[in-house]
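Work through these exercises with the sequence and the 3D view side by side. Try each task before you read its solution.

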Amino acid sequence: MRTSPHVVSDVMTRAVVTVGRDTPFKDIVRLMERGRVGALPVLDGGRVVGIVSEADLLLKEEFRDDLPDRLTQLRRLADLAKAGALTAGEVMSSPAVTVHGATTSAEAARIMARRGLKRLPVVDDGGRLEGVVARSDLLKVFLRDDEDLTEEVRHEVVDRLFPLPADHIRVEVHEGVATLAGWVDRAELIPVAERLARSVEGIVDVRCTLTGATGATGATGGS
């Protein structure tokens, strides 16, 4: 059984379409179309120096017909420069936001959410490209089998918090929703059990009805 945390190298795409600094604008568009991707890493000597995205390329179309007013020009100098770009090095966003293969899936998801990114280059310690991880890759964790999730919750949560024979604790996972039911001898650990179960990658929600020796009961679930 593979236990949490899952890392980026588990789910990243290793065969990546890339461009160099001198790749012409139209070739970038062709490569995106052929690869059906919305962004390409820009490499220099194997190292990631930037990213070219559809948003970067569309600036040429946005500013095609008219020059914006002076205030807009001052506010969007970088975008105007990209609109006149002829190569990947001129239009790319740099420095690129990257992650390492050992970055957890959860941390990669947080970086994407905070930065508004759809994909991240994965690099080694020297900045050389190893792969790309996309939002869809990170969602694969929710495809884990209920049986696998049940085993992980039982082993990593229940057995660790309640080391005595825990046959009186029922663990079930259905469609990613974990149920913890039964009684425990330490009521103060019920919230801890629920929190740890919720942190197992692939768990969608937790329904906790554990009852402690003092009669305390865990939360009923919901995010």
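**Exercise 1. Find the bridge partner of L40, then build up the sheet around this pair.**

Step 1. The bridge partner of L40 is V52, in strand 3. Strands are DSSP runs of E with at least two residues, helices are runs of H or I with at least four residues, and both are numbered from the N terminus. This is a predicted model, in which local features need pLDDT of at least 70 and side-chain atom pairs count only at pLDDT 80 or more, while totals for chains, interfaces and linings use all residues. Residues are numbered from 1 along each chain as its sequence is written, and side-chain values use heavy atoms, with hydrogens and water left out.

Step 2. Count the bridges. Strand 2 and strand 3 are joined by six bridges and run antiparallel. Two strands count as paired if DSSP finds at least two bridges between them.

Step 3. Look at the turn. Strand 2 and strand 3 make a hairpin with two residues between them. G45 sits in this turn and has a positive phi of about 65°.

Step 4. Go to the other partner. Strand 1 and strand 2 run parallel, joined by two bridges. Here V19 stands opposite V42 of strand 2.

Step 5. Put the sheet together. Three strands form an open sheet, in the order 1-2-3, with mixed pairing. Strand 1 and strand 3 (47-53) are at the edges; each has a single partner strand, so one side of each lacks a neighbour in the sheet.

**Exercise 2. Describe the surroundings of T23. Is T23 buried or exposed?**

Step 1. Locate T23. This residue is in the loop between strand 1 (19-20) and helix 2 (25-35).

Step 2. Check the accessibility. T23 has a relative accessible area of 15%, so T23 is buried. The cut-offs are: buried under 20%, exposed over 50%, partly exposed in between, with a 1.4 Å probe and protein chains only.

Step 3. Look for a polar atom pair. A polar atom of the T23 side chain lies 2.9 Å from the backbone nitrogen of G20.

Step 4. List the contacts, meaning heavy atoms within 4.5 Å. Leave aside neighbours within four places in sequence: T23 then touches I28, L86, T87 and A88.

**Exercise 3. Inspect the backbone in three loops. Which peptide bond is cis, with omega near 0°?**

Step 1. The bond from S94 to P95 is cis. P95 lies in the loop between helix 6 (88-91) and strand 4 (99-100).

Step 2. Turn to R36. Its phi is near 55°, a positive value in a residue other than glycine. R36 is placed in the loop between helix 2 and strand 2 (39-44). R36 counts as exposed because its relative accessibility is 78%.

Step 3. Now take E175. Its phi is near 55°, again positive in a residue other than glycine. E175 is in the loop between strand 7 (169-174) and strand 8 (177-183). At a relative accessible area of 60%, E175 is exposed.

**Exercise 4. Trace the salt bridges of R144. Which side chains meet that of R144?**

Step 1. Apply the rule: a side-chain nitrogen of Lys or Arg lies within 4 Å of a carboxyl oxygen of Asp or Glu. This rule gives 15 salt bridges.

Step 2. R144 meets D148 at 2.9 Å, N to O. R144 also meets E152, at 2.7 Å, N to O.

Step 3. Compare the burial. R144 is buried at 12%. E152 is buried at 1%. D148 is partly exposed at 23%.

**Exercise 5. Follow the salt bridge between R207 and D205 into its network.**

Step 1. The two side chains meet at 2.4 Å, N to O.

Step 2. R207 is partly exposed at 35%, whereas D205 is buried at 8%.

Step 3. Extend the chain of partners. Salt bridges with shared partners join E194, R198, D205 and R207 into one network.

Conventions. A polar contact is a pair of N or O atoms within 3.5 Å; within protein, one must be able to donate a hydrogen and the other to accept it, and residues adjacent in sequence count only if both atoms are side-chain atoms.
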